[in-house]
Amino acid sequence: MGWHSDNEKELGPNPCIASLSFGATRYFDLKHKQDKTKRFRFELSSGMLLVMSGSLQDYWLHQVPQQKKVKDPRINLTFREVM
């Protein structure tokens, strides 16, 4: 997944999105929409739950970058409330 924010109208204002990872460890990146020098990288290992809520989608972009050396499978379950 490339850089994006989950700002679809049907998610409503300040959506809460939960993402549960299983399998291979992958990076998860955040970068600020205005100040591109503000970046964070997390490792999502198997069993980790990532929750994005509040105004995060208004100010930040996120991605799961391509990692060519990762060969093990990964499953991600994402939960959103659609209005």
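In this predicted model, strand β2 (residues 26–32) and strand β5 are joined by four bridges and run antiparallel. Within this pair, Leu30 sits opposite His62 of β5. Strand β5 itself spans residues 60–63 and is covered on both faces. Trp60 and His62 lie on one side, Leu61 and Gln63 on the other, and all of them are buried. The split fits a simple pattern: side chains in a regular strand alternate between the two faces of the sheet.

His62 also turns up among the contacts of Gln57, a residue placed in helix α1 (residues 56–59). Gln57 is buried because its relative accessible area is just 3%, and the cut-off for that label is under 20%. Leaving aside residues up to four places away in sequence, Gln57 touches Ser5, Asp6, Pro15, Ile17, Lys33, Met52 and His62. With Asp6 there is a polar link too: the Gln57 side chain reaches the backbone nitrogen of Asp6 at 2.6 Å.

Two other residues on that contact list, Ile17 and Met52, lead over to another part of the fold. Ile17 stands opposite Met52 in β4, and strand β1 (residues 17–23) pairs with β4 in the antiparallel sense over four bridges. Both strands belong to an open sheet of three, ordered β4-β1-β6, with antiparallel pairing. At its edges stand β4 (49–52) and β6 (74–80); each has a single partner strand, so one side of each is left without a neighbour in the sheet. On average, neighbouring strands here are turned by 15° against each other, ignoring direction.

Definitions and conventions:
Residues numbered from 1 in each chain as written. Predicted model: local features only at pLDDT ≥ 70, side-chain atom pairs only at ≥ 80, totals over all residues. Heavy atoms only, no water. Helix = DSSP H or I, 4+ residues; strand = E, 2+ residues; numbered from the N terminus. Buried < 20%, exposed > 50% of the residue type's maximum accessible area, 1.4 Å probe, protein only. Polar contact = N/O pair within 3.5 Å; in protein donor to acceptor, adjacent residues only side chain to side chain. Contact = heavy atoms within 4.5 Å. Pairing = 2+ DSSP bridges. Axes fitted to C-alpha atoms, helices over the stretch in contact; angles between N-to-C directions.
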